[in-house]
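Student: Could you take me on a close look at one helix in this model and what packs around it? I'd like one connected walk-through rather than a list.

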Amino acid sequence: MNCKLLYKLLPFVFIVFISCSGPDKPADTDNTADSTDILEPETVMEQPDTVLFWTVDIEQKVKTRVYKDTMTITEPQSIVNGINSIYPSIRLEFLKLSGDTVYAHIDSSFTFANDMGSFGASEYISTVVLNLTMLPGINYVNLDFPEGSHATPGVFAKTSYTGYKERED
């Protein structure tokens, strides 16, 4: 009688053994994911590391658009890099962003504050202010540098340049 019972249980034991011998799979805790679902990789939008929105002609009171993109630039350092690329002898350094003001420092300001003349220094300051105030919510630029014969440090407002005509290059 024991053999008859063993023969009856053998198929059941065989089925249990086969069903339990497969590879382990993580449990689907929320039962919403299908094993055929493929996750999309996240799209990361990086900002350019060098941006210059405007070149400036203060004599004609014209700002010429040189960067136009649908991407919103939010990093002041990208714009500082752009300014430094067209004025390599004047090294503008981004310090901080506070409220509606960008704080920057010019370490090597002798050329800027003394050798460029009043016209050159004014054009440089207008380039810095017009470009940095393109950042969302920025209305002022606080420029710190040793005072020279043609330039004085201070806070420069975006509104000081509203009369400049826009031209696209």
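Tutor: Here is a walk around helix H4 and its surroundings, starting with the chain as a whole.

Keep in mind that this is a predicted model. The mean pLDDT of the chain is 81, with 71% of the residues at 70 or more. Among the elements, strand E6 (residues 154–157) has the highest mean pLDDT, 98, and helix H1 (residues 2–20) the lowest, 54. There's also a stretch to treat with care: residues 25–29 stay under 50 in pLDDT, and the model gives them 1 contact beyond four places in sequence.

The chain has 4 helices and 7 strands, and along the sequence they run α-β-β-α-β-β-α-α-β-β-β. Of the 169 residues, 33% are buried. Among contacts with a separation of 6 or more, 61% join residues 24 or more positions apart.

Now to the helix. H4 covers residues 117–132, so to speak 16 residues in a row. From its first C-alpha to its last it reaches 23 Å, close to the 22 Å expected at 1.5 Å a residue. What about its surroundings? H4 is mostly covered, with 13 of its 16 residues buried.

That fits with what H4 brings to the largest nonpolar core, a set of 35 residues. Those with the most contacts inside this core include Tyr124, Val128 and Leu132, along with Ile83, Leu92, Phe112 and Leu143. At least two residues of the core come from each of E1, H2, strand E4 (101–106), helix H3 (110–115), H4 and strand E5 (140–144). The largest share, 7 residues, is from H4. As a general backdrop, nonpolar side chains in soluble globular proteins tend to be buried together.

Let's stay with tyrosine 124 for a moment, starting from the aromatic pairs, which number 3. In one of them, the ring centres of tyrosine 87 and tyrosine 124 are 4.8 Å apart; their planes stand at 90°, over the 60 degrees needed, so this pair is edge-to-face. It ties together distant parts of the chain: tyrosine 87 is in the loop between helix H2 (76–86) and strand E3 (92–98), tyrosine 124 is in helix H4, and 37 residues separate them. Which side of the burial cut-off do they fall on? Buried means under 20% relative accessible area, so tyrosine 124 at 0% is buried, and tyrosine 87 at 15% is buried too.

A second edge-to-face pair joins tyrosine 161 and tyrosine 164, with ring centres 5.5 Å apart and planes at 75°. Both of these tyrosines are buried, and tyrosine 164 leads us to another neighbour of the helix. Isoleucine 58 touches Tyr164 as well as Phe119, Ser122, Glu123 and Ser126, leaving out residues up to four places away in sequence. Isoleucine 58 itself belongs to the loop between strand E1 (54–57) and strand E2 (62–65). With a relative accessibility of 16%, it counts as buried. The C-alpha of isoleucine 58 is 9.2 Å from that of threonine 127, a residue 69 places away along the chain.

The loop with isoleucine 58 also holds lysine 61, and that residue is a bit of an oddity in its backbone. Its phi is near 55°, a positive value in a residue other than glycine. Most residues other than glycine have a negative phi. Lysine 61 is partly exposed, at 46% relative accessible area.

Back to the core, by way of leucine 143. Setting aside neighbours within four places in sequence, leucine 143 is in contact with Ile125 and Val128, and also with Leu92, Ala104, Pro153, Gly154 and Phe156. Follow the glycine in that list: glycine 154 sits in strand E6 and touches Val141, Asn142 and Leu143, again not counting residues up to four places away in sequence. Its C-alpha is 5.7 Å from that of asparagine 142, 12 residues away along the chain. Glycine 154 is partly exposed, with a relative accessible area of 21%.

Two lysines placed over rings round off the tour. The charged end of lysine 63 sits over the ring of tryptophan 54, 4.6 Å from the centre of that ring. Lysine 96 lies over the face of tyrosine 103, at 4.8 Å from the ring centre.

How values were computed: Residues numbered from 1 in each chain as written. Predicted model: local features only at pLDDT ≥ 70, side-chain atom pairs only at ≥ 80, totals over all residues. Heavy atoms only, no water. Buried < 20%, exposed > 50% of the residue type's maximum accessible area, 1.4 Å probe, protein only. Contact = heavy atoms within 4.5 Å. Expected span 1.5 Å × (residues − 1). Phe/Tyr/Trp six-rings, centres within 6.5 Å; stacked < 30°, edge-to-face > 60°. Lys NZ or Arg CZ within 6 Å of the ring centre and 35° of its normal. pLDDT = per-residue confidence, 0-100. Core = buried A, V, L, I, M, F, W, Y, C linked by side-chain atoms within 4.5 Å.
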